[in-house]
Amino acid sequence: MKTTLVTVDDLGRSVIAVPPLARHADLTLNSQANAALLRHLEQGGVRSVMYGGNANFYNLAVSEYARVLDFLAEHAGADTWVLPSAGPDYGKLMDQAAVLKSRAFPAAMLLPMSFPFTDAGLADGIRRFSDAISRQVVIYIKAANYIAPSTLARLVEEGRIAAVKYAVVREDPSQDAYLSALLKEVDARLMVSGIGERPAIVHFRQFGLQSFTSGSVCVAPRGSMQLLRLLQAGRVHEAEAVRAAYMPLEDCRDSISPIRVLHDAVTLAGVADMGPMLPLLSGLTPAEREQVAPVARALFERDREFAAA
């Protein structure tokens with residue numbers, strides 16, 4: 001596992017995968033399946049793996065936190081950056097900080113809080129968490145105006161921020177006043193497009209971002225990595241052709257549930273058996289599985305073509 005300080009070069013060297021976390025029927029960690037998914041990603045060229053919402057870290061018990069982190073550190077490749085998340089509430093954040101401080105992860109991500117919080121209180125919590133783990137953090141922005149641009153800029157200036165995962169969903173991602181305001185205060189190289197393949201091209205071409213996160217990369221890592229390299233090279237038309245292969249699964253995620261569809265899609269594609277979801281989430285219904293299964297398998301097969309190319 002990569003343990004050195006995260007740089008802007010690290011952010012752009014790989015698609016940042018956001019995988020689910022596999023569990024047995026009794027909800028214990030499925031080590032074999034999780035290791036298989038990690039290997040699948042690494043064999044496809046992925047070197048950055050973020051465990052957050054798709055891994056259901058929101059509902060992860062603090063009592064299980066150390067075991068999950070130790071498993072990820074042990075099974076990640078030597079040059080793979082593993083980014084665990086923490087929070088979102090302050091109490092859980094600080095309990096998890098005590099675990100993170102004694103581990104070698106170079107950064108941790110704060111899961112986004114929805115209620116209750118204030119801008120000043122959020123900044124205070126970020127500072128306290130960063131101090132507690134003695135390293136930088138990744139901020140996850142999932143709602144418009146979650147943090148004031150000037151507040152984020154101060155945290156960056158203080159050296160506390162490794163990156164920002166920007167995941168505010170827009171009907172038209174090219175029309176995003178909040179992202180524009182953030183980029184007036186913060187270097188675009190620190191801002192990661194955080195909503196998968198769908199807005200990635202606009203975020204690169206119009207806003208100057210240089211990396212993106214992906215859930216569908218867990219099914220088809222080679223194509224997603226190819227998309228990243230094409231975007232970084234400015235080869236937009238070729239990038240659009242590659243991205244088209246991901247849209248059917250992304251459509252299922254958007255219409256049903258991004259987290260639930262991805263969790264079961266990894267299983268249905270034949271990558272690894274993710275098992276049941278940790279409550280308070282639940283897996284797909286039989287009808288939903290019938291809808292997602294052929295889409296997931298088609299993307300998995302398409303990735304073999306990307307590999308051959």
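This passage walks through the pockets, the cavities, one helix packing and one salt bridge of a predicted model.

The open spaces come first. The largest pocket holds about 600 Å³ of space. Its lining takes in 29 residues, and K142, V169, G194, I195 and P258 are the ones closest to the centre. Strand 8 (213-214), helix 11 and helix 12 (258-268) are the elements that each give two or more residues to this lining. Helix 11 has the largest share, with three residues. In terms of chemistry, the lining of the largest pocket is a mix: 13 residues are nonpolar, eight are polar and eight are charged.

The second largest pocket comes in at about 220 Å³. Here 16 residues form the lining, and those nearest the centre are P88, Y90, G121, L122 and G125. Two helices show up with at least two residues each, namely helix 4 (90-101) and helix 5 (119-133). Helix 5 takes the largest share of this lining with six residues. Sorted by class, the lining of the second largest pocket has eleven nonpolar residues, along with two polar and three charged ones.

Next come the enclosed spaces. With a cut-off of 30 Å³ or more, the whole structure turns up two cavities. The largest cavity has a volume of about 50 Å³. Around it sit L21 and R23, then N54, A55 and N56, and, from further along the chain, H263, P276, M277 and L278. Five of these lining residues are nonpolar, three are polar and one is charged.

The second largest cavity offers about 40 Å³ of space. Its lining draws on many parts of the sequence, with L11, I16, M50, W81, L83, V138, A163, V164, K165, V192 and T213 taking part. Strand 3 and strand 6 (161-166) each bring at least two residues to this lining, and strand 6 gives the most, with three. By class, the lining of the second largest cavity counts nine nonpolar residues, one polar and one charged.

Helix 11 turns up again in a helix packing. Helix 11 (residues 247-255) packs with helix 13 (residues 286-308) at an angle of about 150°, and the two axes are 9 Å apart. The crossing of this pair is left-handed. On the helix 11 side, P248, L249, C252 and S255 take part, and they meet Q291, V292, V295 and L299 of helix 13. Six of the residues in this contact are nonpolar and two are polar, with no charged residue among them. Helix 11 thus appears in two places here: in this contact with helix 13 and in the lining of the largest pocket.

Charged pairs round off the picture. Side chains of opposite charge can pair when their charged atoms come close. Across the whole structure, the search finds 20 salt bridges. One pair to look at is R47 with D79, a salt bridge whose closest N and O atoms are 3.3 Å apart. R47 sits in the loop between helix 2 (31-43) and strand 2 (48-51), while D79 sits in the loop between helix 3 (62-75) and strand 3 (81-86), so the salt bridge ties together parts that are 32 residues apart in sequence. Strand 3, which borders the loop of D79, is also one of the strands that supply the lining of the second largest cavity.

How values were computed: Residues are numbered from 1 along each chain as its sequence is written. This is a predicted model: local features need pLDDT of at least 70, side-chain atom pairs count only at pLDDT 80 or more; totals for chains, interfaces and linings use all residues. Side-chain values use heavy atoms; hydrogens and water are left out. Axes are lines fitted to C-alpha atoms, for helices over the stretch in contact, and angles run from 0 to 180 degrees between N-to-C directions. Helices (H or I, at least four residues) and strands (E, at least two) are DSSP runs, numbered from the N terminus. A crossing is left-handed if the near helix is turned anticlockwise from the far one by less than a right angle, and right-handed if clockwise. Contact means heavy atoms within 4.5 Å. Ala, Val, Leu, Ile, Met, Phe, Trp, Tyr, Cys and Pro count as nonpolar, Asp, Glu, Lys and Arg as charged, and the others, Gly among them, as polar. On a 1 Å grid over the protein atoms alone, a cavity is a set of points where a 1.4 Å probe fits but cannot get out, and a pocket is an open set with protein on both sides within 12 Å along at least five of seven lines; lining residues have an atom within 4 Å of a point. Grid points are joined across faces, edges and corners, and a volume is the space filled by probe spheres set on the points. A salt bridge is a side-chain nitrogen of Lys or Arg within 4 Å of a carboxyl oxygen of Asp or Glu.
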